[in-house]
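Student: Could we go through the helix packing and the ligand site together? I would like the reason behind each label.

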Amino acid sequence: MTSPLRLGIAGLGTVGMGVVKILRSQTDLLATRTGRQITISAVSARDKTRDRGISLAGYAWETDPVALAVRDDVDVFVELMGGSEGPARTATEAALAAGKDVVTANKALLALHGQELAEKAEATGRSIRFEAAVAGGIPVIKSLMEGLAGNNITRVMGVMNGTCNYILTRMEHSGLPYEDVFKEADALGYLEADPTLDVGGIDAGHKLAILSAIAFGTRPDFDGIEIEGIDRVSIDDIRAAADMGFRIKLLGVAQKTGRGLVQRMQPCLVPAASPIGQLEGGTNMVVLEGDAVEQIVLRGPGAGQGPTASAVMGDICDIARGLRLPVFGQPAATLEAAQPAISALPAPFYLRMSLLDKPGALAKVTAILGNSEISIDRMRQYGHADGSAPVLIVTHKTTRTALNEALKALAATDVVSTQPVALRIEHV
Ligand code: HSE
């Protein structure tokens with residue numbers, strides 16, 4: 001057996017302790033599978049005194065994660081602290097400069113600084129592995145980078161934030177408004193410390209930026225993603241969508257077009273009977289499409305101790321076996337700058353607005369849509385209450401630019417009483 005692979009683990013929260021547990025409970029299995037012992041040399045966390053349920057007395061303790069990252073008895077720096085800046089970034093850079101491999105679950109770090117970190121790692125023949133950064137326990141990075149390496153990837157889609165999917169499906173089943181279900185999710189501990197990372201679509205956007213880079217050979221381009229959160233989705237939209245055979249999902253889509261790279265993370269209507277439409281609760285789903293494979297669907301837990309630690313361990317095992325791939329599946333120097341193609345692809349849209357009970361009100365709405373070359377596919381008006389009525393419109397395919405023009409004109413009329421809601425309909 002070759003020499004042991006020695007880890008330094010920074011961050012002993014849910015995921016870090018999950019990794020420690022697997023390393024302890026599966027010691028022999030891991031050694032048999034990788035041909036090496038995998039050991040922990042040192043650990044680091046903010047609070048040394050906290051009871052984590054397992055004694056860490058056998059490992060050296062470093063208060064400073066940078067000191068941990070550069071220790072002589074550490075081969076792999078396992079970064080489980082999180083955050084795109086601060087200690088996570090500094091310690092990762094220090095580890096790479098000291099010639100260590102890095103395993104991380106940090107989506108923000110990779111989405112925002114992936115290119116420079118990849119260049120640093122590849123300059124010294126080291127790797128950065130980050131399976132746990134995207135869709136928790138689902139081995140989507142491995143699928144894309146290895147299993148589908150023979151494909152031209154045509155589209156990547158997915159529901160990659162379990163908290164948002166929990167909120168949207170819970171609203172649908174309970175009939176409760178967004179605000180109430182948000183509070184429930186908070187009480188259950190589902191939300192990130194900064195909840196806007198979840199409900200604002202940012203966490204899922206980080207994940208999409210990483211997948212896009214691997215799928216399309218472009219530098220991670222988080223800033224090029226059109227991001228919209230779920231906080232404007234109302235129970236009325238969920239009910240109306242269901243009524244028309246759709247469900248609302250925070251859906252990420254990345255696709256290369258003739259005009260550039262489309263990347264968007266937005267609430268969308270998807271057919272209720274599609275695999276993504278059927279996704280319940282906190283589960284994640286990623287759909288990968290390639291010219292040879294056609295389509296594969298991966299489904300599984302997107303968060304939690306076991307699933308996330310499982311993904312981290314997969315990366316550690318690869319390094320133990322000597323598998324070192326370019327960070328984003330091809331050398332960092334060959335990754336092209338992404339050309340963002342905002343709203344390039346036309347789509348049908350769902351519109352909901354409240355219309356005042358005045359003669360000619362509907363005519364004004366349809367005229368505005370017509371002036372923007374938007375054709376109506378379906379339309380419903382429900383009964384008036386308090387002088388206004390909800391109107392739902394499904395358009396034929398149109399561009400976001402045309403739609404924005406129409407929304408502006410609608411808001412300026414004297415017949416639309418609330419700001420119209422517009423959600424893209426995605427046929428997945
Ligand atoms: N907050 C994320 C989610 C998990 O709800 O899916 C970590 O990315």
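Tutor: Start with helix 5 and helix 10, whose crossing is left-handed. Bear in mind that the model is predicted.

Student: Why are helix 5 and helix 10 called oblique to each other?

Tutor: Their axes cross at roughly 55 degrees. Angles under 35 degrees count as roughly parallel and 65 to 115 as roughly perpendicular. The angle falls in neither range, and helix 5 and helix 10 are therefore oblique. The axes come within 8 Å.

Student: Which residues of helix 5 and helix 10 meet?

Tutor: K107, A108, L110, A111 and L112 of helix 5 meet D203, H206, K207, A209 and I210 of helix 10. By class, this contact has six nonpolar, one polar and three charged residues.

Student: What makes helix 4 and helix 5 roughly parallel?

Tutor: Helix 4, residues 86-97, packs against helix 5, residues 107-123, at an angle of about 15 degrees. The cut-off for roughly parallel is under 35 degrees, so helix 4 and helix 5 get that label. Their axes are 10 Å apart, and the crossing is right-handed.

Student: Which residues make the contact between helix 4 and helix 5?

Tutor: Helix 4 supplies A88, R89, T92, E93 and L96, and helix 5 supplies L109, H113, E116, L117, K120 and A121. Five of these residues are nonpolar, two polar and four charged.

Student: Why are helix 7 and helix 8 called oblique?

Tutor: The axes of helix 7 (residues 162-174) and helix 8 (residues 178-187) cross at roughly 125 degrees. Roughly perpendicular covers 65 to 115, and roughly antiparallel needs over 145. The value lies between those ranges, and the pair is therefore oblique. Helix 7 passes helix 8 in a right-handed crossing. In the contact, Y166, I167, R170, M171 and S174 of helix 7 meet Y178, V181, F182, E184 and A185 of helix 8. That gives seven nonpolar, one polar and two charged residues.

Student: Now the ligand. Which residues are around it?

Tutor: K107, N161, G162, T163, E192, D198, D203, K207 and A303 are around the ligand. K107, D203 and K207 also take part in the contact of helix 5 with helix 10.

Student: How do you know that K107, T163 and D198 make polar contacts with the ligand?

Tutor: The cut-off is a pair of N or O atoms within 3.5 Å. An N or O atom in the K107 side chain is 2.6 Å from a ligand oxygen atom. For the T163 side chain, the distance to a ligand oxygen atom is 2.5 Å. A polar side-chain atom of D198 lies 2.8 Å from a ligand nitrogen atom. Each pair meets the cut-off of 3.5 Å.

Terms used:
Residues are numbered from 1 along each chain as its sequence is written. This is a predicted model: local features need pLDDT of at least 70, side-chain atom pairs count only at pLDDT 80 or more; totals for chains, interfaces and linings use all residues. Side-chain values use heavy atoms; hydrogens and water are left out. Axes are lines fitted to C-alpha atoms, for helices over the stretch in contact, and angles run from 0 to 180 degrees between N-to-C directions. Helices (H or I, at least four residues) and strands (E, at least two) are DSSP runs, numbered from the N terminus. A crossing is left-handed if the near helix is turned anticlockwise from the far one by less than a right angle, and right-handed if clockwise. Contact means heavy atoms within 4.5 Å. Ala, Val, Leu, Ile, Met, Phe, Trp, Tyr, Cys and Pro count as nonpolar, Asp, Glu, Lys and Arg as charged, and the others, Gly among them, as polar. A residue is near a molecule or strand if one of its heavy atoms lies within 4 Å of it. A polar contact is a pair of N or O atoms within 3.5 Å; within protein, one must be able to donate a hydrogen and the other to accept it, and residues adjacent in sequence count only if both atoms are side-chain atoms.
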